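Colleague: I'm new to this, so I'll keep asking how you know things. Could you start with the words you use for how open a residue is?

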Amino acid sequence: MKQNNETRTPKTSATKPDNTPAAPIKEERFPADDTPFAVQTRIDQRKRVIINIIYWVLILLLVYFVFKYLIFYIMPFVIGFAIAFVLQPIILWIVRKTKMKHNIVAIVLVTLFYCTIGVLLILLGVRIFTYLESWFRRLPALYTSTIEPYLYQLGDDINENIHLLDPAIVKTIEDIFNNAVQSLGNTISSWSLSVVGWISNVAKAVPGFLLNTLFMIISTFFMAIDYSTVTGFIKRQLPSRARGIVLDTKRYLGEVIVQFARSYSLILGITFVELLIGLLIIGVKNFVLLAFLIAIFDILPVVGTGTVILPWAAVCFITGNIGMGVGLLILYAAITIIRNIIEPKIVGKNVGLHPLVTLMSMFVGAKLFGAIGLFGLPISLAILTALNQKGAIKIFK
């Protein structure tokens, strides 16, 4: 009986393969793309994209309007707040160390700051004025000893050889000479009128400049004294998320400004070394002082080294010092090429932007906002990049 039960027991699949086909896997069905739910989802996504684009376009237009039309009216207060912002950590450190009142420390530190800046500007201005005065004093003697004899010699050579030429050619030369003299006279008259107009405009702008400077100094005192009150009022007007973005922007702004100062200090040093070597090779006297002054001009966004070197080279060519004129032109070309190569790389590396992005932002900023945009747009892009990487805002992936 037991044996019969064993024979009736069905064998497992290990002994006999199961040839029955496997049950088909039931595929999970998703809603079709043309269902009302999918269509509504795509519409909502497109609406969000359009809303985000409109939002950022409005923000950019607002920033452009403020920087283009309003920044010049509130510039004294902006500069005053910026100086108070920079001095605030030093003020707090002195207050913690000395236990003095915040108001007294702020007043003393702001006073020392403006006195130091004023003394440095006065010393630099006196030095530049003294050098220019001595140069212009030597200009008449330079003309008498160099330019005038050269012109007389040129006239004698022309008179000696002019009879050998055809009368028609002589008439053409005389006409060209007369036209050149007349054109030179008109150019000098126009230039003199332009200089007089420029001096007149500067004289008219002096009262406004002094008034703006006065408001800037006074606003710096008030903002340094009541810095926490001013910033606290601004924070209270913002929602919580915007307040966090503003605090992050403040922190990143301080870091970016420090990096910018470090970058342009390095560029200033490189330009100074280039000028020092170039002027030494050319054989210029007082080359150390001249290299420093021209390097300071090179940092300024509108002025640049060409404002000093190119007129200097032109005077050298006029006075017959061809070697120095050529050397100055070569030096100017070398400084300009090296500056355009290293500036985007150094600034971009320190502030966290690609050199191409830095170069484009500096160009676009200078075209839109002038000197302010040259530095302001790269700083703004660096701050937006840092906020985007942190996740505080979402502009790009």
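Modeller: Sure: buried means under 20% relative accessible area, exposed means over 50%, and partly exposed is in between, with a 1.4 Å probe and protein chains only. This is a predicted model, so local features need pLDDT of at least 70 and side-chain atom pairs count only at pLDDT 80 or more, while totals for chains, interfaces and linings use all residues. Residues are numbered from 1 along each chain as its sequence is written, and side-chain values use heavy atoms, with hydrogens and water left out.

Colleague: Okay, why is Phe 215 called partly exposed?

Modeller: Its relative accessible area is 40%, which is in between 20% and 50%, so the label is partly exposed. Phe 77 gets that label as well, at 39%.

Colleague: How do you know how many aromatic pairs there are?

Modeller: Rings of Phe, Tyr and Trp (its six-membered ring) pair if their centres lie within 6.5 Å; planes under 30 degrees apart are stacked, over 60 edge-to-face, and the rest tilted. That rule gives three aromatic pairs.

Colleague: What makes the pair of Phe 77 and Phe 215 tilted?

Modeller: The ring centres are 6.3 Å apart and the planes are at 55°, so this pair counts as tilted. Phe 77 lies in helix α3 (75-98) and Phe 215 in helix α5 (167-225), so the pair ties together parts 138 residues apart in sequence. Helices here are DSSP runs (H or I, at least four residues), numbered from the N terminus.

Colleague: And why is the pair of Phe 113 and Tyr 114 called edge-to-face?

Modeller: There the planes are 80° apart, with 5.3 Å centre to centre. An angle over 60 is what earns the name edge-to-face. Tyr 114 is buried at 16%, and Phe 113 is partly exposed at 28%.

Colleague: Which residues is Ser 219 in contact with, leaving aside its neighbours within four places in sequence?

Modeller: Contact means heavy atoms within 4.5 Å, and the residues are Pro 76, Phe 77 and Gly 80. Ser 219 is in helix α5, and its C-alpha is 6.0 Å from that of Phe 77, although the two are 142 residues apart in sequence. Ser 219 is buried too, at 7%.

Colleague: What makes you say that the buried residues of α6 are on the same side?

Modeller: In α6 (227-236), Tyr 227, Thr 231 and Gly 232 are buried. They cover an arc of only 120° around the axis, which puts them on the same side; the arc is that of the directions from the helix axis to the C-beta atoms. Thr 229 and Arg 236, on the other side, are exposed. An α-helix has 3.6 residues a turn, so residues three or four places apart point the same way.

Colleague: How do you know how many disulfides there are?

Modeller: A disulfide is a pair of cysteine sulfur atoms within 2.5 Å, and a search of the whole structure finds zero. As for single cysteines, Cys 316 is buried at 5%, while Cys 115 is partly exposed at 45%.

Colleague: Last one: which residues have the most contacts inside the largest nonpolar core?

Modeller: A nonpolar core is a set of buried Ala, Val, Leu, Ile, Met, Phe, Trp, Tyr and Cys residues joined through side-chain atoms within 4.5 Å. The largest has 18 residues, and those with the most contacts inside it include Phe 260, Tyr 264 and Val 347. Helices α7, α10 and α12 each give two or more residues to this core. Val 347 is in contact with both Phe 260 and Tyr 264.
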